[in-house]
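Got your viewer open? Let's take a walk through this one, stop by stop.

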Amino acid sequence: MRHNEPVSSTEGHVSTPYVELDRAAWARLRDRHPLSLTDKDVQRITGAGVSLDLREVEEVYLPLSRLLSFYVDATSGLHKVTSDFLMERTPPATPFVIGVAGSVAVGKSTTARLLRDLLRRWPSTPKVELVTTDGFLYPNAVLEERGLMHRKGFPESYDRRALLRFVAEVKAGAARVEAPVYSHLVYDIVPGQTIAVERPDVLIIEGLNVLQAPQPRRDGRVGLAVSDFFDFSVYVDARVDHIKRWYVERFLALRETAFADPQSYFRRYAELSDEEARTTALRIWDEINGPNLADNVLTTRGRASLVLTKGEDHSVRRVLLRKL
Ligand SMILES: Nc1ncnc2c1ncn2[C@@H]1O[C@H](COP(=O)(O)OP(=O)(O)O)[C@@H](O)[C@H]1O
Ligand SMILES: CC(C)(COP(=O)(O)O)[C@@H](O)C(=O)NCCC(=O)O
C-alpha cells in the first residue's frame with residue numbers, strides 16, 4: 001500500500017475517515033515545508049524534565065504545527081464567510097481550539113506544550129494558551145463527600161459543566177476567562193488560584209477526557225460536550241503495556257523530585273524502596289488509571305482529528321489524520 005493513500009476498511013463496509021501515514025511518510029512531508037530548529041530551540045521548548053530528541057521534534061511535531069497553522073488560517077476564512085453572510089459589522093475574534101487527549105503518562109502534557117511552543121512560531125498564531133482539565137477536577141472535599149477519591153480522572157470526578165462553560169466562553173471571544181488550577185504536589189485544587197485566558201489565537205485544552213461524547217442529561221436530552229468546541233483534536237496513543245511502564249517509571253523518578261518536597265501529599269512515597277514503589281505504582285495503575293484508560297479514554301480515540309501512535313521509546317511510529 002502506498003502510504004499517502006487512505007486506508008480502506010472492510011469493517012461494516014464503512015471506510016475509515018483517516019489517512020494513515022507511517023513515520024517515514026509523515027517525516028517526508030517536512031521536505032515540502034522546510035522547517036528547522038536548533039538544539040537550543042528544543043531545550044527552550046521542552047523545558048525541564050523531558051529529554052526530547054531534536055529529530056523527533058523536527059520530523060513529527062513541527063510538520064503537525066505547520067498543518068495546524070494552515071487549519072487556523074482556513075478556519076478563520078470560514079468564520080469570515082459566516083460573518084459576511086450574517087452581515088456582521090464587527091465579527092468577534094474566535095480562538096482556534098485544539099483538544100489533546102490520551103491516557104495518564106502517555107505524553108499528553110509534553111505533546112500539548114510542544115504544540116503550544118511550535119505554534120507560537122507561526123505568523124498567524126503568536127498567542128497560544130494551554131489549559132489542562134485537571135483544574136476542573138472537583139476539590140478533594142467534594143470528591144470525598146461523593147466517594148470519588150479513588151476515581152480521580154474518571155469523567156464524574158470533573159465539574160464538566162464548569163469546563164464546558166469555560167471553553168464556550170473562550171470560543172465566543174470573551175475578553176478574559178479564568179480557569180481553576182490543580183496542584184499535583186498537594187493533590188488538590190488550589191483555592192483562589194486561577195489561570196486567565198485572554199482572547200488567544202489558539203487555545204489548547206489538554207486532558208484525559210476531552211474527547212468524551214456528549215452525555216445524556218437526566219431529562220434524556222443530549223447536551224454539549226467540550227469537544228463540540230474543538231476545531232482540531234489530537235489523541236496520543238501507545239500500547240497499554242508501554243504506557244503502564246512509563247507510568248511506573250515516572251512514579252519511581254518522582255521519589256527524588258516531587259514526592260520528596262515537604263509539601264507533597266505523597267511525601268510518604270519518597271521513602272519507598274524500588275520494589276515497594278513499583279508495587280504501589282502498579283496498584284494505582286491497576287485500580288485507577290488502567291480501568292479509566294480502558295473504559296473512558298480509549299473509547300474516545302475514534303473521535304480525534306489526528307492520532308499519534310508512539311513506540312516503546314516515545315517516538316511516533318504512525319500518524320492517522322482525519323480526512324473525511
Ligand atoms: N515525546 C517524548 N519523548 C520522550 N519522553 C517523553 C515524551 N513524551 C513524554 N515523555 C515522558 O513520558 C512521561 C509522561 O509524559 P507526560 O507528558 O507528563 O504525560 P501525561 O501528561 O500524558 O501524563 C514524562 O515523564 C516524559 O519523561
Ligand atoms: C490529575 C489527573 C486526573 C489528570 O488530569 P487531566 O489534566 O488529564 O484532566 C491524573 O494525572 C491523576 O493524577 N490521576 C489520579 C490517580 C491517583 O489518584 O493517583
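Before selecting anything, one term: two strands count as paired if DSSP finds at least two bridges between them. Also keep in mind throughout that this is a predicted model.

**Stop 1: the whole protein**

Start zoomed out, with a cartoon view. You should be able to pick out 8 helices and 9 strands. Along the principal axes, the C-alpha trace spans about 60 × 50 × 45 Å. The radius of gyration is 20 Å, which agrees with the value near 20 Å that a compact globule of 324 residues would have. Of those 324 residues, 34% are buried. Now think about contacts with a separation of 6 or more: 68% of them link residues 24 or more positions apart.

**Stop 2: the sheet**

Next, select the strands of the open sheet. There are 7 of them, in the order β1-β9-β8-β7-β2-β6-β3, and the pairing is mixed. At the edges sit β1 (18-22) and β3, each of which pairs on one side only. Ignoring direction, neighbouring strands here are turned by 15° against each other on average.

Now bring in the helices that lie against this sheet. Helix α3 (residues 54-85) packs on it and touches β2, β6, β7 and β9, with a direction about 140° from that of β2. Then colour α4, which lies across β2, β3, β6 and β7 and runs at about 175° to β6.

**Stop 3: strand β2**

Select residues 96-102, which make up strand β2. How many residues of β2 are buried? The count is 7 of the 7, so the strand is largely enclosed by the rest of the structure. Turn on side chains and both faces turn out to be covered: Phe96, Ile98, Val100 and Gly102 are on one side, with Val97, Gly99 and Ala101 on the other.

Look to the two neighbours of this strand in turn:

- Towards β7 (residues 232-237), β2 pairs in the parallel sense over 5 bridges. Gly99 has Ser233 as its bridge partner in β7, and Ala101 is partnered by Tyr235.
- Towards β6, there are again 5 bridges to β2, and the two strands run parallel. Here Ile98 stands opposite Ile204.

**Stop 4: strand β3, at the edge**

Slide over to residues 128-132. Being an edge strand, β3 pairs on one side only, yet 5 of its 5 residues are buried. Val128, Leu130 and Thr132 point one way, Glu129 and Val131 point the other way, and all are buried. The pairing is with β6 (residues 202-206), in the parallel sense and over 5 bridges. To see one residue pair in that ladder, pick Glu129 and look across to Leu203 in β6.

**Stop 5: ligand 1**

Centre on ligand 1 and show its surroundings. The shell holds 13 residues, and the closest are Gly107, Lys108, Ser109, Thr110 and His314. Which helix gives the largest share of this shell? That would be α4, with 3 residues. Both α4 (108-119) and α7 (240-254) supply at least two residues each. Colour the shell by class and you get 6 nonpolar, 5 polar and 2 charged residues.

**Stop 6: ligand 2**

Jump to ligand 2. Around it, select Val104, Thr132, Thr133, Asp134, Lys152, Gly153, Gly207, Leu208, Ile284, Ile288 and Asn289. You've already met Thr132, one of the buried residues of β3. The largest share here, 3 residues, comes from helix α8 (residues 274-297). By class, this shell splits into 4 nonpolar, 5 polar and 2 charged residues.

**Stop 7: two backbone oddities**

Finish with a pair of loop residues that merit a check of the backbone angles.

Go back to His314, one of the residues closest to ligand 1. Its phi is near 80°, a positive value in a residue other than glycine. You'll find His314 in the loop between β8 (306-310) and β9 (316-322). Buried or partly exposed? His314 is partly exposed, with 18 other C-beta atoms within 10 Å.

Then select Tyr187, another residue that is not a glycine but has a positive phi, of about 65°. Tyr187 sits in the loop between β4 (177-183) and β5 (188-197). With 14 other C-beta atoms within 10 Å, Tyr187 is partly exposed.

Conventions: Residues are numbered from 1 along each chain as its sequence is written. Chains are lettered from A and ligands numbered from 1 in the order in which they are written. This is a predicted model: local features need pLDDT of at least 70, side-chain atom pairs count only at pLDDT 80 or more; totals for chains, interfaces and linings use all residues. Helices (H or I, at least four residues) and strands (E, at least two) are DSSP runs, numbered from the N terminus. The radius of gyration is taken over C-alpha atoms; the globule rule is 2.2 Å times the number of residues to the power 0.38. A residue is buried if 20 or more other C-beta atoms lie within 10 Å of its own, exposed if 12 or fewer, and partly exposed in between; C-beta atoms are placed from the backbone. Two residues are in contact if their C-beta atoms, placed from the backbone, lie within 7 Å. A residue is near a molecule or strand if its C-beta atom, placed from the backbone, lies within 6 Å of it. Ala, Val, Leu, Ile, Met, Phe, Trp, Tyr, Cys and Pro count as nonpolar, Asp, Glu, Lys and Arg as charged, and the others, Gly among them, as polar. Axes are lines fitted to C-alpha atoms, for helices over the stretch in contact, and angles run from 0 to 180 degrees between N-to-C directions.
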